[in-house]
Structures are given as structure tokens and as C-alpha cells.
Amino acid sequence: MSKTETAVPEHSSACVTARANATHKPLIPVLTYFKELTMHKNIRFTALTALLVLITVAGAQSKKVVFLSGQNEDVGYTRIISELARDYQKQHPNVSYEYQNNTTDMTQKLQLLAGSNNLPTLYSIGEPSLLQQLYAKGEIVDLEQTFKKLGIYNQLNPVAVDINKKLEGGKLLGLPLELNIEGVWYNKKVFADNGIREPKTWDEMLSAAEKFKQKGIQPFSASGDQGWPLTRLLGGYAERYYGADAMDRVKAGTLKLTDPGFVQAAATVQDMGKKGYFGQGVNTVDYDTAVDAFLQGKAAMFYMGSWELRNFNDPKRNQIGAGNIGFFNLPAVKGGKGTMSDWSINTGLVVAMNQKQNDAALGEWMKYVFSNYGTRSMSELGALTGFKVSKMPATVPALTTMTQRKLNSAKKGYLWFEGYFSPKATSLSQKNVQLLVTGDMTPEDFLGQLQNGK
């Protein structure tokens with residue numbers, strides 16, 4: 001403030017008038033008109049009422065909702081949220097919506113945005129540890145508290161809520177936009193043509209893989225470029241060896257990643273890579289290419305979560321046909337404590353919301369979007385989510401129904417391999433597994449680095 005300026009108290013009438021003049025200049029002639037109009041006693045009340053309505057409408061605050069994700073907008077949950085957000089915008093023009101696709105390192109980007117106090121309204125966040133760090137700094141919405149306040153907490157599936165709370169330090173910080181189980185999808189025709197049944201043990205599954213390879217059929221499709229589809233197999237083997245609480249025990253310090261069961265798991269996945277069970281150049285295969293390899297009949301098996309129902313149920317993408325896809329849980333390990341009623345269950349990539357933007361306008365937006373999310377996801381994608389379906393479609397895809405039955409049969413759920421890891425250890429795991437499957441890193445070195453860095 002310069003020496004010639006005079007300070008005006010924020011609550012003074014002069015300050016209020018100045019702000020009104022600056023913000024609502026088009027209203028000045030109207031205010032003058034109504035001042036003159038209200039001098040006539042008979043129409044004073046009506047005029048004042050109309051004036052209040054006009055000022056309320058003109059003063060309606062605009063709101064911009066920004067969703068940042070690494071996923072394409074026309075896929076899965078990003079598609080459904082965007083559709084609902086734009087429906088809401090048509091009804092409420094003062095609430096706009098923008099989708100932003102991030103193709104860089106999301107963790108690094110979020111850390112930079114948080115450092116500059118510029119986080120978007122919603123954003124995907126891959127590391128639970130970073131999620132909790134941002135919550136501790138007041139950056140992330142407590143969804144249980146907020147949804148209860150908005151009256152939409154009953155829209156959530158209790159199983160999905162429990163999974164997220166387990167991962168998020170006892171708080172519900174991430175939207176359960178999916179409710180997934182993971183396992184091995186397989187081409188039923190290829191299995192039948194080669195006289196192979198669903199394997200019940202890892203030995204049987206690897207024996208089947210060898211038979212496929214000998215017949216010139218790629219046993220598994222996988223994205224080594226992403227890394228995590230390979231570490232999922234490693235973690236699943238360890239869960240079958242130690243039981244569904246394996247990673248909980250690692251977190252508690254009663255089990256080490258360098259213990260024999262994990263070494264055996266890493267050695268098994270390495271052997272699969274060295275024998276060519278993932279095909280040639282697995283580390284150059286990106287995610288979409290891996291999906292297409294299975295759906296085009298180029299691979300017999302594909303370990304992945306039920307979020308892929310969105311593509312399995314899409315006849316344009318699925319060239320082998322939905323009726324030709326089977327699904328089995330990762331099989332048992334000889335002498336292991338885990339069972340095939342234990343499933344890897346998750347709610348998909350975490351999407352958090354910005355607490356600093358959590359106002360009344362955002363609350364109304366959330367009520368509309370998340371009251372309709374579960375039903376829209378089921379009707380358009382045949383997708384299972386952590387939100388309840390208020391109106392089931394007349395026809396539900398057979399694969400979706402089958403997967404729901406598998407989910408209902410789960411006795412215990414466990415998190416993916418890196419579920420409790422720090423961002424640094426997660427990155428290390430998914431990069432070093434590329435060296436593991438080519439034989440350029442020993443199982444002991446791979447796990448030793450993770451044990452020291454987790």
C-alpha cells in the first residue's frame with residue numbers, strides 16, 4: 001500500500017461497496033432503477049424481492065473442477081466421471097469441468113504441485129504413503145466424514161471402504177472407483193484345443209506354459225515396461241507360500257522380503273522370463289499392447305485385474321470373444337499356507353480429492369457424480385466398483401456376472417506386492433523386476449535392495 005492510500009476496514013460499508021462495484025458493474029444501473037422503483041409504496045416489497053433474487057443469481061460463484069490422471073479420458077472410471085461431470089455442468093453452468101491427462105511421473109508431478117499449493121480438485125495417486133503424507137498436511141479430503149455430511153456415504157460398498165482404510169492408515173482418503181479381484185484370464189479355446197484344464201497348482205500352470213511354448217503359443221501376455229504386472233506374480237506366489245497376511249507381516253517386521261518364500265517367488269518369476277513364457281522383449285511391451293496380445297489370441301494367459309472387464313466386454317477390442325475368456329485365481333504353491341479362496345482385491349488406482357477446494361459447490365458436485373457413479377459404470381461398462389448400483393441394467397455381461405461370483409467367493413483379500421511400500425521402493429521394485437526377468441539381477445539382490453529401501 002502506498003503512502004497516499006488510506007486503509008479501509010474489510011467489514012466497512014465502503015469496502016463492501018467497492019467490492020460490489022468491482023465485481024458486479026452491470027448491476028449499477030439496475031440498482032439505481034430499483035432505488036427509484038421502491039419509492040412507490042405499492043410495489044416496494046415486490047421490487048425488493050426481485051432485487052434480492054437478481055443479486056443472488058448475478059453473484060453466484062463459479063467453480064472449476066479439474067481432474068488429473070494418467071489414464072486416457074475415454075477409459076473406465078475417467079470416462080464415467082467425465083460424463084457425469086459434464087452432465088452436471090449442463091445443469092449448473094457456473095460449475096465447469098476440465099480433464100487433464102498426465103504422461104509424466106505422477107508422483108513427482110503431485111509433489112511439485114503440492115509444493116506450489118496448486119493441486120487439482122481430483123487426482124490419481126499411486127503410492128499410499130504419499131497419500132497419507134498429503135493428508136497429514138491438510139491437502140486431502142477425509143471422504144468418510146465428507147460423504148456422511150453430504151448424505152451419500154451409503155452409496156459406498158463396505159468391502160471397498162474396508163480395503164481402502166486398511167491401505168490408508170485407517171482413514172477413507174481414496175475414492176473406491178473400482179472393486180477388483182486379480183487372477184489369470186485365459187483363452188478357453190486354446191486351452192481346450194491343447195487338452196489343458198484350469199491349473200490348481202503353480203507346477204501345473206508352469207507345465208501348461210511349457211506345453212504352449214512347445215506348440216509355438218506364447219504362454220503369458222505381460223507388460224514388462226510397466227513392471228508391476230510382473231511383480232504381481234511374484235507377490236501372488238509369496239502370498240500362496242506364506243498366506244494372505246504375508247505383506248502385513250512384512251510391514252510389521254515379522255517377515256522379511258529376503259526370507260525363503262520371497263526368494264523362491266522371485267526365482268520362479270525369473271525362470272518364467274528366462275524360458276520365454278512372457279514372449280520376446282517383454283520389457284519393451286507396454287500395457288495396451290499386452291492387453292491386445294491376449295484379446296487378439298496371441299497369448300494363452302494374462303494375469304490382470306477385473307478392471308479389464310471394460311475391454312473384455314467391448315466387442316471392438318476383444319477379438320477372441322467374451323464367451324471364450326475364462327478366469328482362475330493364482331494356483332496353490334506346494335506346501336504353502338495360502339489357499340485359492342484368498343484373492344488379491346483392490347479398489348483400483350487411488351483418486352484423492354483436494355481438501356482446500358472442499359466447499360459447498362464441490363459438495364453438490366460430489367453428490368451428483370458419486371450418487372450416479374456405480375449405476376453408470378455398470379450400465380455402460382459392465383464394471384464392478386466400490387459404489388452401489390441403484391438400478392441394475394436389464395442385461396449384465398456374462399463375464400461381469402462370473403467375476404462378481406468369484407469376488408463373492410473370496411474368504412480373504414490381500415494387497416498387491418508394493419501396497420505398503422514407499423514411493424522410492426515401489427519405483428525400485430517395478431524397475432528392477434525388468435532385470436530380474438532377464439536374469440541380469442539375482443533374486444537375492446532384487447529382494448535385498450527392496451528390504452533395505454522399503
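Contact here means heavy atoms within 4.5 Å. With that in hand, start at Ala-332: leaving out residues up to four places away in sequence, Ala-332 touches Lys-200, Thr-201, Trp-202, Arg-240 and Met-340. Keep in mind that this is a predicted model.

**A loop residue**

Ala-332 sits in the loop that runs between β7 (325-328) and β8 (342-346). Buried or exposed, or something in between? Ala-332 counts as partly exposed because its relative accessible area is 23%, and the partly exposed class covers what lies between under 20% (buried) and over 50% (exposed). There's also a long-range pairing to look at: Ala-332 and Met-205 are 127 residues apart along the chain, yet their C-alpha atoms are separated by 9.8 Å.

**The whole protein**

Zooming out, the protein has 19 helices and ten strands. Of its 454 residues, 49% are buried. If you take the contacts between residues at least 6 apart in sequence, 73% of them join residues at least 24 apart. The accessible surface adds up to about 21,800 Å², and carbon and sulfur atoms own 52% of that.

**Helix α14**

Which residues of α14 (287-295) are buried? They are Tyr-287, Ala-290, Val-291, Ala-293, Phe-294 and Leu-295. These buried residues pack against quite a list of partners: the strands β4 (180-187), β5 (218-221), β6 (299-305) and β7, plus the helices α11 (228-242) and α15. As a reminder, an α-helix has 3.6 residues a turn, so residues three or four places apart point the same way.

Both ends of α14 have a local detail to check. At the start, a side-chain oxygen of Asp-286 comes within 3.4 Å of the backbone nitrogen of Asp-288. Just after the helix, Gly-297 adopts a positive phi of about 80°.

**Ser-429**

Ser-429 belongs to helix α18 (residues 423-438). Why does Ser-429 count as buried? Because its relative accessible area is 0%, and the cut-off for buried is under 20%. The side chain of Ser-429 has a polar contact with the side chain of Glu-418, at 2.8 Å. Glu-418 also turns up among the residues that Ser-429 touches, together with Thr-231, Phe-417, Phe-421, Phe-446 and Leu-450, again not counting residues up to four places away in sequence.

**Pocket and cavity**

Searching the whole structure turns up five cavities of 30 Å³ or more. Here's the largest cavity next to the second largest pocket:

| Space | Volume | Lining residues by type |
|---|---|---|
| Second largest pocket | about 440 Å³ | 14 nonpolar, six polar, four charged |
| Largest cavity | about 120 Å³ | ten nonpolar, five polar, two charged |

The second largest pocket has 24 lining residues, and Asn-157, Val-159, Leu-179, Ile-345 and Leu-407 lie nearest its centre. Elements that give two or more residues to this lining are α8 (158-167), α16 (360-381), α17 (398-409) and β10 (412-414). Which element gives the most to the pocket lining? That's α8, with four residues.

The largest cavity is lined by 17 residues, with Glu-178, Trp-307, Leu-381, Ala-383 and Leu-384 nearest its centre. Two or more residues of this lining come from each of α4 (76-91), α15 (309-312) and α16. So where do the stories meet? Helix α16 is listed for the pocket lining and for the cavity lining, while α15 lines the cavity and also packs against the buried residues of α14.

Key:
Residues are numbered from 1 along each chain as its sequence is written. This is a predicted model: local features need pLDDT of at least 70, side-chain atom pairs count only at pLDDT 80 or more; totals for chains, interfaces and linings use all residues. Side-chain values use heavy atoms; hydrogens and water are left out. Buried means under 20% relative accessible area, exposed over 50%, partly exposed in between (1.4 Å probe, protein chains only). A polar contact is a pair of N or O atoms within 3.5 Å; within protein, one must be able to donate a hydrogen and the other to accept it, and residues adjacent in sequence count only if both atoms are side-chain atoms. On a 1 Å grid over the protein atoms alone, a cavity is a set of points where a 1.4 Å probe fits but cannot get out, and a pocket is an open set with protein on both sides within 12 Å along at least five of seven lines; lining residues have an atom within 4 Å of a point. Grid points are joined across faces, edges and corners, and a volume is the space filled by probe spheres set on the points. Ala, Val, Leu, Ile, Met, Phe, Trp, Tyr, Cys and Pro count as nonpolar, Asp, Glu, Lys and Arg as charged, and the others, Gly among them, as polar. Accessible areas come from the Shrake-Rupley method with a 1.4 Å probe; for residues, only the protein chains shown count as cover.
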